[in-house]
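Me: Could you zoom in on the aromatic side chains in this model and talk me through how they sit? Please carry on outwards from there to whatever is packed around them.

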Amino acid sequence: MSSPAHLSVTLAWRGENVAVSSVERALPAQSAESAREAVTAAGVANPLASLPAGAWEAVARAAINPEAVAIMLRPTAQEPAGLLLEENVEGATLRTFNTRVWLSELLPGIQPRTGMEVMDISDPQVVGTIEKGEPCAVVRYRYRDFQHLKDHVRQTVHSTLALNSYAASILGRKVTRPLITHPVEFTFEDGTESFHALVVRDGITRLASAWAVLAGPEADAARAADLMVESLFGGVARGKVDGRTLSDRLAAVRETWRHALADEFHQAMAAEEPGDRGIHIAQTYVVPAQVAVGAEGHPGHLLAPEDVFDDAMRSILASVHVEFKAWDSAAQNVEVATRALKRVIQLGDAPVAKESLQVVYGLAVGRTAPENLPREYGDSQLPGTALWRGIQLVHALTRPELYERLKDQAKTIKGGSRMSAKGFAELLGPIIDLPWRSAKKAVSKQARNAWGNGGVLTRDVLKEWEPALTDDFTTLVEPAMAGRVDARCTLAVAGGIALIADKLLTRNVGSSLMAPKEKGGVPFRSDVHLVVENLSAEDNELGLWTLALTANRFRADLLPENAQSMRQFVRRNRKEEESSAYVHLKVDLAQPDKIARDENGVPVPLFEWDVVWASDQARASEAYAEHRLRQFPSPATSSDSGTDVKEEQPSGAGWGSTGGETTSAESKPSDTSFSGSGEGIPSSRRAADYRRTLRSNLESARIALDGLTEIDSTAGSWPPVIESTDFVDLRQSLLDLQTDLENLRRNIQGDDPTIPVESEDEDEG
């Protein structure tokens, strides 16, 4: 009996026509319980698969054809693994099979693409599992409670779609490439009953995009995320109900949702002209998946058994997204650096106690907060600050006994033959900036480029030294000038991190050379690590004081006013007092407090020009004199080549010409329907409310924009509070409103009168 002919149509999707080449007229039927039980029995009996019974039940529930899965799992004399596929990765063999699964039986894993971002909802703790001392093809996700799980799933889908979406492609062709999946045991710190489910490790964007198709062309990323959470979890509460486990009740919710969706599909397809909704369902109801069910460590591979499977999965992801279809560089660097550190810990060949390395790993991945530094290191004198977290990480990861081993592992993971100090510094960038990613996200790209240009890894920092503990970095200047290497390296790392994070030290390019200092100009070009090295030289008093004062003034919660990225038309919060402004200051060694002031006694802000000048004053003075000579080739100018360095530097603008940053909103929506007024609600959901308010009620535009600004300045750096597609529409609406207002003014006042407009200089930096 032949199957019904497929349907080909063209649908409108967000302003474009999508050709849907093949739409099935029927959906797969739900499987029988006996067929699912056969999968569990065959899986448990397979000697080369390694899943507990609960995980096999999750696999069986997900497969649309469990009878075929059971056949693949049954071993034969010729094939002891049945029809399982074998994939050899570094250190392990994975066993998998390909099948089609219900979309509604898949949960997203931790998204590596946003691993370098600060998220409102923290990732769960991930722990490998073993069975009879051997690796098990299951990892354990540990959440605080059930709500943490729901919020994390919502955030993952929302942030993924804000980054990228394949919705139009999936609508036209379905999901064509298998999602890489495996079972996960979901556990909870508050005692909520655990359960198993199938999780997507590679293909999270395709999974999220399929839900975006189901949500419809009018839905934004936040609505698609809400739909997934509502559909998969419903109103299920913790604890047993009617004797059913949490796993059973969640399975019932998902099956009920599939029945409702199938009814909706049949109604849409029964019409003379099939409805768009029916096609949305048909294209996303099931997806292809590669399911991992077994793992075997290779002889001589020294990873702990509980880490073999997860490392093997990460190896597969790295081979796809680091070597071929790459994540962006920051996401790659986070993955490579943390995985390399984990391998060094497990291999155990570094002459460093594992307990100490576990502390470093906790800092690197964000499990240990900066304020817990004194407790973790057992030293009450160690300041618990974000900057000291960075100092401790740089110090630990660049110790000679660890540095080469980390580079070797990173090379293996990336598939390269060598790694320079610059390459290693680039790996550190998105790990060091974790505490201030959100507050300083406007300059994160330039900061990470600076790390790729050597960062703070000077020659001395890569040698033997110990951090000089202090909460006042100016106390280290004198011992540094006396030749104490600990003091010099501490200043180099602390001040260098601060300068890079606040975009006062960048990977300067040709256009920066001799540009005005207010525009990010520099007197000469040099690699970042060489600038830091020269600043921290024991005979460079100006450079050491520049590092010390910058480190002292550094704040992790916002950008300084003299960060070169700040645009001059940014709306300031006029209630902010100038005395509380965050700004880095230029050094004047002749002053008692070492702070330069203008003729009015106002402190002079620091610019990158001043930082580079302080690193090598003789070279800078010579370069600037030559520049002036080329500009004004006259005897008077040429005779000025010996002018004092201080006089030769071009004057910079005062504070009034530097940009500001709004860090708080004056008002919030008074409407009680706003989720922004609730405790513990993710900022992504609050931002969605503010965006809807902005569109629907122009009278609330100021309130909505203030709310978005407040969230943007305090919440995680991803997903954005306004996605790029929304921003274009909103900006156009505001421009249209401005045009209408100007036309109205002309109708009232004519063309001659002008309305005074506050003027602010634009910074092109």
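Reply: Start with the aromatic cluster made up of Y141, Y143, F146, F186, F188, F195 and F233. Rings of Phe, Tyr and Trp (its six-membered ring) pair when their centres lie within 6.5 Å, and planes under 30 degrees apart are stacked, over 60 edge-to-face, and the rest tilted. This is a predicted model, so bear in mind that local features need pLDDT of at least 70 and side-chain atom pairs pLDDT 80 or more, while totals for chains, interfaces and linings use all residues. Residues are numbered from 1 along each chain as its sequence is written, and side-chain values use heavy atoms, with hydrogens and water left out.

Searching the whole structure turns up 15 aromatic pairs. One of them is W102 with Y285, edge-to-face at 5.6 Å centre to centre and 75° between the planes. Those two residues are 183 residues apart: W102 belongs to strand β4 (residues 92–102), and Y285 to the loop between α9 (276–284) and β10 (286–297). For the naming, helices (H or I, at least four residues) and strands (E, at least two) are DSSP runs numbered from the N terminus. W102 is buried at a relative accessible area of 1%, and Y285 is buried too, at 5%. The cut-offs here are under 20% relative accessible area for buried, over 50% for exposed and partly exposed in between, using a 1.4 Å probe and protein chains only.

Back in the cluster, Y141 and F186 also pair edge-to-face, with 5.8 Å between centres and 85° between planes. Y141 is in strand β7 (residues 134–143) and F186 in strand β8 (residues 179–188), so this pair ties together parts 45 residues apart in sequence. Both rings belong to buried residues: Y141 has a relative accessible area of 3%, and F186 has 1%.

Now widen the view a little. F186, F195 and F233 turn up again, along with L149 and W211, as the residues that touch the most other members of the largest nonpolar core, which has 98 residues. A nonpolar core means buried Ala, Val, Leu, Ile, Met, Phe, Trp, Tyr and Cys residues joined through side-chain atoms within 4.5 Å. Leaving out neighbours within four places in sequence, W211 is in contact with L103, S104, A224, L227, M228, S231, L232 and W257; contact means heavy atoms within 4.5 Å. Apart from that core there is another one, of 81 residues, M419, I497, L558 and A614 among them.

F233 also takes you to a helix pair. Helix α7 (residues 221–233) and helix α8 (residues 246–270) have axes that come within 7 Å and cross at roughly 115°. S231, L232 and F233 of α7 meet L250, V253, R254 and W257 of α8, a set of 5 nonpolar, 1 polar and 1 charged. Axes are lines fitted to C-alpha atoms, over the stretch in contact for helices, with angles running from 0 to 180 degrees between N-to-C directions. As for the residue classes, Ala, Val, Leu, Ile, Met, Phe, Trp, Tyr, Cys and Pro count as nonpolar, Asp, Glu, Lys and Arg as charged, and the others, Gly among them, as polar.

That same α8 comes up again with α9, whose buried residues pack against β1 (7–13), β2 (16–23), α5 (167–173), α6 (204–215), α8 and β10. In α9, 7 of the 9 residues are buried, so the helix is largely enclosed by the rest of the structure. Those residues are G278, I279, H280, I281, A282, Q283 and T284.

Two more spots are worth a click while you're there. D307, in helix α10 (residues 305–321), is buried at 13% relative accessible area. Its C-alpha is 9.0 Å from that of V139, although the two are 168 residues apart along the chain. K174, in the loop between α5 and β8, has a positive phi of about 70° without being a glycine, and at 17% relative accessibility K174 counts as buried.

To put the close-up in context, the protein has 28 helices and 10 strands, and 53% of its 765 residues are buried. Among contacts with a separation of 6 or more, 73% join residues 24 or more positions apart.
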